[in-house]
Amino acid sequence: MNRRELLCRLAAVGTASLLPTLGAHAGEADPSESWQAQFDASTAPWKPAFATPPGDLPLTAAKVRGRFPDAVAGTLFRIGPAGHDLGGQRYRHWFDGDGMAHRFMIEGTAVHHQGRYVETAKRTAEVRVGRRLTEGFGTVFPSFAPVSAPDQMNTANISVQPLGGELLALWEGGSATRLDMRSLESRGLKTWRPDLAGVPFSAHPKVDPDGTVWNFGVSSRNSLLVIYEIAPDGALRRADALPVADLPMIHDFAVTTRFLVFLMPPFVFDAKRKEAGASFLDAHVWRPELGMRALIVDKKDWKRQQMLTLPPGFLFHLGNAWEEERAGGTVIHVDYVRSADASSILGSTREVMRGRLVRGPAPRLTLASLDLGAGKATQVAWPVDAEFPRMDPRLVGLRHRHVFHATQLLGATPLWGAIARTDIESGASQRYSYGGQSLVEEHLFVPDGKGPGWVVGTVIDTVQKKTVLSCFAADALADGPVAQATLPYALPLGLHGSFIAA
Ligand SMILES: [Fe+2]
């Protein structure tokens with residue numbers, strides 16, 4: 001099978017893998033009503049984090065305390081699930097909601113915010129009729145119409161990536177959505193090449209120091225891993241689909257100078273479950289006998305691959321990876337956030353949608369070493385709970401020391417109370433706690449040529465019911481923020497962001 005035949009097959013498979021079976025859902029008669037009622041009745045203080053803004057949020061000035069440093073003058077773009085309920089139907093998973101893109105424009109003592117729903121085909125059609133029409137990542141209702149292409153359920157709600165003069169709103173089961181950087185207006189789906197229309201494009205592309213962008217996509221049913229190499233100007237250089245046996249859910253990856261690194265948790269798609277009416281999420285099966293496989297792909301020749309195995313575990317995110325040359329060959333060091341199993345995605349991030357907290361194993365910052373010469377993989381997990389790891393973007397694929405991440409679980413994921421900087425090689429960590437009343441979102445590292453750099457990120461203050469943007473000196477998190485901007489409202493708890501300097 002040549003490359004083009006494989007990609008054609010993948011596009012068709014991408015469709016089939018998401019096809020629900022009409023009427024086959026074995027759930028309650030109308031589960032949407034009960035989840036909406038339970039959420040409405042909840043008195044959880046963190047409830048505003050999962051509320052649905054009724055519409056777009058126009059440009060609004062924040063109240064600023066202190067002064068944001070010159071190096072963070074620019075725009076912080078963020079995105080996350082925001083449209084959780086519609087017409088009395090409430091989604092049953094945090095990751096289902098319609099994406100809302102945000103931009104925080106930062107300049108000294110002034111910060112302005114704008115929020116805008118991504119006008120996906122799904123949201124547009126559903127808002128028009130006032131109810132949900134198609135399934136989500138973790139929700140299937142009996143009334144849903146069958147899906148004939150992944151982008152029919154694309155919610156553009158995971159991350160944003162500036163590329164080629166526009167902002168891409170990223171999902172992972174289908175296409176990226178193009179947004180206007182200045183207005184956040186939706187400009188339609190991104191098609192990298194005609195034969196790649198609708199092919200999955202993940203939410204965690206990686207940018208090499210030379211500007212080359214790498215990404216992947218997972219087509220679950222046929223176990224095909226798509227790889228993309230994109231030039232700094234946004235032009236596609238190469239894309240292809242690689243068959244991988246028992247290909248699991250893969251949310252993120254890492255790159256080194258010479259390799260692409262995929263950590264594959266044993267959370268594997270089962271087509272029979274999907275055909276029986278399960279949601280895409282619930283069609284996945286925990287298969288610990290597979291271990292956590294580490295697939296290493298040569299950047300230059302994607303057919304050159306090596307597979308190593310770590311103990312079974314689950315992850316959403318990696319921090320970074322880099323190569324070390326030893327007498328016995330290359331060792332790849334990769335840090336990631338490891339959980340013992342997939343219970344967070346199956347439980348915690350689902351139950352918050354009806355106002356409940358379900359505890360699962362705490363995700364730990366973990367450093368794995370992949371010895372390509374010996375074919376052996378080892379790891380050390382630091383006693384530091386973590387999510388949303390970010391690092392200096394200038395060091396992607398190179399040796400780094402510090403990861404910035406959310407920490408201090410407030411009961412259960414996805415509720416975090418502090419931001420930390422952890423030395424990935426020693427496990428030493430310093431943190432700033434927001435005081436237990438604020439829910440921490442992803443914080444980004446912003447380089448500053450004059451010093452150690454800055455950390456910028458948002459929290460939801462659940463007492464004030466307001467979203468607060470903070471800036472810290474990167475080497476002195478514990479000293480607290482040097483500047484803060486408070487919006488007159490709380491935004492829904494979001495996922496990832498990207499900063500562009502002015
Ligand atoms: Fe993510």
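A residue counts as buried here if 20 or more other C-beta atoms lie within 10 Å of its own. By that criterion, 53% of the 502 residues of this protein are buried. Before going further, I should say that this is a predicted model.

Overall dimensions next. Along the principal axes, the C-alpha trace spans about 65 × 60 × 40 Å. The radius of gyration is 21 Å, which agrees with the value near 23 Å for a compact globule of 502 residues. In secondary structure, the protein has 34 strands and 5 helices. As for the contacts with a separation of 6 or more, 60% of them join residues 24 or more positions apart.

Now to one sheet. It is open, has 4 strands, and runs in the order β22-β23-β24-β25 with antiparallel pairing. Its edge strands are β22, residues 314-326, and β25, residues 376-385, each of which pairs on one side only. On average, neighbouring strands in this sheet are turned by 20° against each other, with direction ignored.

As a reminder, strands of a sheet pair through backbone hydrogen bonds, either parallel or antiparallel. For β22 and β23, the latter being residues 329-339, the sense is antiparallel and the pairing covers 9 bridges. To pick out one position, leucine 315 has arginine 338 in β23 as its bridge partner.

What packs against β23? The buried residues of helix α5 do. This helix covers residues 343-351, and its buried residues are Ser344, Ile345, Leu346, Ser348, Thr349 and Arg350.

The last item is tyrosine 434. Which strands flank the loop that holds tyrosine 434? They are β29, residues 429-433, and β30, residues 438-446.

Is tyrosine 434 buried or exposed? There are 21 other C-beta atoms within 10 Å of tyrosine 434, and the cut-off for buried is 20 or more, so this loop residue is buried.

Which residues does tyrosine 434 touch, leaving aside neighbours within four places in sequence? The contacts are with Gly417, Ala418, Val440 and Val459.

To place tyrosine 434 relative to the sheet I described, take arginine 338, the bridge partner of leucine 315. Tyrosine 434 and arginine 338 are 96 residues apart along the chain, and their C-alpha atoms are separated by 24 Å.

To recap, there is an open antiparallel sheet of 4 strands, helix α5 with its buried residues against β23, and a buried tyrosine 434 in the loop between β29 and β30.

Note on methods:
Residues are numbered from 1 along each chain as its sequence is written. This is a predicted model: local features need pLDDT of at least 70, side-chain atom pairs count only at pLDDT 80 or more; totals for chains, interfaces and linings use all residues. Two strands pair if DSSP finds at least two bridges between them. Helices (H or I, at least four residues) and strands (E, at least two) are DSSP runs, numbered from the N terminus. Axes are lines fitted to C-alpha atoms, for helices over the stretch in contact, and angles run from 0 to 180 degrees between N-to-C directions. A residue is buried if 20 or more other C-beta atoms lie within 10 Å of its own, exposed if 12 or fewer, and partly exposed in between; C-beta atoms are placed from the backbone. Two residues are in contact if their C-beta atoms, placed from the backbone, lie within 7 Å. The radius of gyration is taken over C-alpha atoms; the globule rule is 2.2 Å times the number of residues to the power 0.38.
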